Amino acid sequence: MLPDISQLLTMTPAFIFALTFHEFAHAWSANKLNDPTAKNEGRLTLNPLVHLDPVGTIMLFIVQFGWARPVPVNPRNLQNPRQDMMWIALAGPVSNLLLAFALGWLYVNTAPSSEMMVMFRAMLQFGIHINLILCFFNLLPIPPLDGSRIITGLLPQEQAYQFSKLEQFGPGLLIGFIVLDRFMNLGLLSSWIFPPVIYCRRLIFSLFS
């Protein structure tokens, strides 16, 4: 069932900015580590139009979850490709975590003084939630998510090489995991994501309230 217009007005800007900020963080960290590929392709920006994926954007309106275009990275430009790729990957989830805390501070310090401000606070609250979900979802150690590249950077070289072979099956593995988890009601995804999301939400509001 499609969300109503008020839900879309609340969800869409927060979700798009979360995805944009995530990809910008990848591009920024890659550029800092001497790979200008993303910068040269115009991806070192907070303009959502250059980051959004058409199918991912449509899915946002249909199932209330979407994705952006991956930022291009050329490992040959990196001094320590395996470790640097780990830091570039980690930048995405960390950016969403930091953004959640920033939105939490703004939410606590914004008074619901009008109907427009009430909607703005609802947008902030959803932004906190979706940034935390994106953070911990992307930390799953399944290609092509950021968590898989973090694992590759932490493993010894031989094990990292073997693990990196899973990259070619990444999208299929990820979709298969999500479908299996959902239709067999295993609860693996929710048990990975929601405990840290709930903890961080509580921490945010306890820090700023």
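## Overall size

With 209 residues, this chain would have a radius of gyration near 17 Å if it were a compact globule, and its value of 18 Å agrees with that. Keep in mind as you look around that this is a predicted model.

The C-alpha trace spans about 55 × 40 × 35 Å along its principal axes. As for what lies inside, 40% of the 209 residues count as buried.

## The building blocks

Which kinds of elements will you find here? The chain has nine helices and zero strands. Reading from the N terminus, the order is therefore easy to write down: α-α-α-α-α-α-α-α-α.

Now think about which parts of the sequence come together. Take the contacts between residues at least 6 apart in sequence: 70% of them join residues at least 24 apart.

## Where helix 4 meets helix 9

Let's zoom in on one pair. Helix 4 covers residues 81-108 and helix 9 covers residues 188-208. Their axes come within 9 Å and cross at roughly 45 degrees, which makes helix 4 oblique to helix 9. The crossing of these two helices is right-handed.

Which residues make this contact? From helix 4 come L97, A100, F101, G104, W105, Y107 and V108, and they meet C200, L203, I204, F205, L207 and F208 of helix 9. Sorted by character, the residues of this contact comprise 12 nonpolar, one polar and no charged. Try finding W105 of helix 4 and F205 of helix 9 in the structure, as both belong to this contact.

How values were computed:
Residues numbered from 1 in each chain as written. Predicted model: local features only at pLDDT ≥ 70, side-chain atom pairs only at ≥ 80, totals over all residues. Heavy atoms only, no water. Axes fitted to C-alpha atoms, helices over the stretch in contact; angles between N-to-C directions. Helix = DSSP H or I, 4+ residues; strand = E, 2+ residues; numbered from the N terminus. Parallel < 35°, antiparallel > 145°, perpendicular 65-115°, else oblique. Left-handed = near helix turned anticlockwise from the far one by under 90°. Contact = heavy atoms within 4.5 Å. Nonpolar A, V, L, I, M, F, W, Y, C, P; charged D, E, K, R; others polar. Rg over C-alpha atoms; globule rule 2.2 N^0.38 Å. Buried < 20%, exposed > 50% of the residue type's maximum accessible area, 1.4 Å probe, protein only.
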